[in-house]
Protein chains: 2
Amino acid sequence: MVTIKDVARLAGVSPATVSAVLNNSAFVSPPLRQRVERAIRSLNYHPNALARGLKTRRTHTIALLVSDIRNPFYTGLVRGVEDVAREHGYTVILGNSDRRPEKIQRYLATLVGRRVEGVILTHVVPRSHVEALRRQGLQVVFVDVRPRDLYADAVVVNNVEAAWGAVRHLVAHGRRRVGILGFRSGLSTGDERLVGYRRALEEAGVQPTGLVVLSRLALEHAQEAARELLRRRPDAVFAANNTMVLAILRTARELGLRIPEDCALVGFDDVEWMSVAEPPVTTVAQPMYELGAAAARCLLDRLREGRDRESRLTVLHADLVVRRSCGCEG
Amino acid sequence: MVTIKDVARLAGVSPATVSAVLNNSAFVSPPLRQRVERAIRSLNYHPNALARGLKTRRTHTIALLVSDIRNPFYTGLVRGVEDVAREHGYTVILGNSDRRPEKIQRYLATLVGRRVEGVILTHVVPRSHVEALRRQGLQVVFVDVRPRDLYADAVVVNNVEAAWGAVRHLVAHGRRRVGILGFRSGLSTGDERLVGYRRALEEAGVQPTGLVVLSRLALEHAQEAARELLRRRPDAVFAANNTMVLAILRTARELGLRIPEDCALVGFDDVEWMSVAEPPVTTVAQPMYELGAAAARCLLDRLREGRDRESRLTVLHADLVVRRSCGCEG
DNA sequence: CAGGAGTTCTGAAACGTTTAGCGAATCGTT
DNA sequence: AACGATTCGCTAAACGTTTCAGAACTCCTG
């Protein structure tokens, strides 16, 4: 493996000079610079990022921890993060937590070992963990979820408004028995969407009794919950994330319920299949790519501006994309 | 940031001893070991992976380069890679190439700078690149694609057989004008699936004239190609990957063609939405998770066994999952 | 009891960078 | 011609580990 010394030798200069041209950290006369650059190319030299990081204490690496990359929900987000990271010379490490505390734990430990500069989290973790990371010099930003008292930066979507809009749309279609297939998980998102749902019905003067079903996130639970909900004969349902939509779709088919005739549906999250499903499903589309990009930008900003800036909350806009499952003409 | 010296001081031993307990690299008497371990815990010490990597020349890091993580096709694969990597103490860096040569180039350059131990590639790259990586000490394995003359390890699926089976299924339904919406891209997969298609029709004694349309991979191109193909009135089509399936579905709807009545459909790749689409689509399901896991195992093996083992090809099995788009009763 | 054989631990060099501080060369001024 | 300023490059120390060679001990053995 060729080192800076090899380059220096070939160019007939000292390693310090090579370093100077590499980093533009000091003036180097044009001829020397040229010789150095030529040497670098001819040896196909790639500076050792480990040595560099060891010395400078900057690794130009961030990590992104999702619960399971297989959730199509995440992919746009991941891409957004990767794009802006790369644009700024950062590399991203990807991890799956399955929301399991011990996995998260282990994961974060290896990240501090690797001296990663910051972490983007897609779900809440114990506050103590965040503080431990901070003490180790890592920055953390949440995306999609918002920690209770905003003890760290977060990038989210206007969940309550968006949910409110979705349910209002259902009500505007004349539906009165509007149910929600929501989820709990200690995630702010789930709660907020429920709030939006309640608010919309309240405003419409409708009392949704017994039509609130909260599920766990796994698809099997969701299907069980969907059966539970559909058994109560709602004439519309708001499914609070993509898994819940899938659950409703499958269960409705199973029960022979026609959508939207028997039961209208509005979902949350606009993953690819929503448009090819039958019927195509009306859903609140979160700007996933932007969410990821904004999170990465937020993290990099904080890395640049230094540790002690107060927490910043970025709220992006989620819009309803109307298709047919709500009863509209596609 | 606490270092090994701090630990050593607190435990009253030398750094070498701490290192020994950390790595189990030498015998350390139980009492000393205990003192060291206690010190480690009480200081919340995390060995600096940079320093360690600098010294040992092992970073325990691999990279996974996909063209675009947003393709749902990849997510299972990514998860497979991440799981086995982590299981063996490796961290994975994720990159998106968009198949753009300059991006690939830059990407690989940063990987060698970071002294990543190996790379998993989901698309072919110029052979010279692979060889350059090798010279820098990186191992590379391909997954999903197979380099022409197997100049590197690869993990793939039995594409021709699988395609053959898919088309045979269509023929068994009595379809005769069976078209293929394939793709070119220098990828072995596309070619192989075309071969399987041709073989099946040949065996059935059917001459598919003018029903072969090859598209580029982007969805817009695919839709254009789909229109082209459907205009020629096939009574069945084999769509060679998930993008092509989506294109056919949308275009058929656009043209008012009923699936499977007017035109049966069998796809390739079993992404989530295939089962909720209307009709649910019959498709060749690749074991994506296993593909990724096998690729990672292959890479780690090679890392362990040393550079000069001959190239190994791993072929996994893809099965047809029958739903309704082919004409079967769901 | 001398000296060899094991044990268990330590000192110090090395990994490949960056960077402070120093020194040599050049230059303009007087 | 002598002298500071200025420019440009170099020396060497540090970053936090691992690891080799060997030091200090203990324990036998003859």
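In this predicted model, α2(B) contributes six residues to the surface near DNA strand D, the most of any element. That surface comprises 30 residues in total, and the closest are I4(B), A16(B), S19(B), N48(B) and A51(B). Elements giving two or more residues come from both protein chains: α2 (15–23) and α4 (49–56) of chain A, and α1 (4–11), α2 (15–23) and α4 (49–56) of chain B.

Chains A and B also touch one another, with 39 residues from chain B and 39 residues from chain A in the contact. On the chain B side, two or more residues each are given by α4, α5 (72–87), β2 (91–96), α6 (101–113) and α11 (242–255). α4 of chain B thus appears on the surface near DNA strand D and on the side that touches chain A.

The residue classes of the two surfaces are as follows.

| Surface | Nonpolar | Polar | Charged |
|---|---|---|---|
| Near DNA strand D | 17 residues | nine residues | four residues |
| Side of chain B that touches chain A | 19 residues | 12 residues | eight residues |

One of the elements on the chain B side of the contact is α11(B). The end C-alpha atoms of α11(B) are 20 Å apart, which agrees with expectation because 14 residues at 1.5 Å a residue should span 20 Å. Its buried residues are N242(B), T243(B), M244(B), V245(B), L246(B), A247(B), I248(B), L249(B) and T251(B). Just after α11(B), G256(B) adopts a positive phi of about 70°.

Terms used. Residues are numbered from 1 along each chain as its sequence is written. Chains are lettered from A and ligands numbered from 1 in the order in which they are written. This is a predicted model: local features need pLDDT of at least 70, side-chain atom pairs count only at pLDDT 80 or more; totals for chains, interfaces and linings use all residues. A residue is near a molecule or strand if its C-beta atom, placed from the backbone, lies within 6 Å of it. Helices (H or I, at least four residues) and strands (E, at least two) are DSSP runs, numbered from the N terminus. Ala, Val, Leu, Ile, Met, Phe, Trp, Tyr, Cys and Pro count as nonpolar, Asp, Glu, Lys and Arg as charged, and the others, Gly among them, as polar. Two residues are in contact if their C-beta atoms, placed from the backbone, lie within 7 Å. The expected span of a helix is 1.5 Å times one less than its number of residues. A residue is buried if 20 or more other C-beta atoms lie within 10 Å of its own, exposed if 12 or fewer, and partly exposed in between; C-beta atoms are placed from the backbone.
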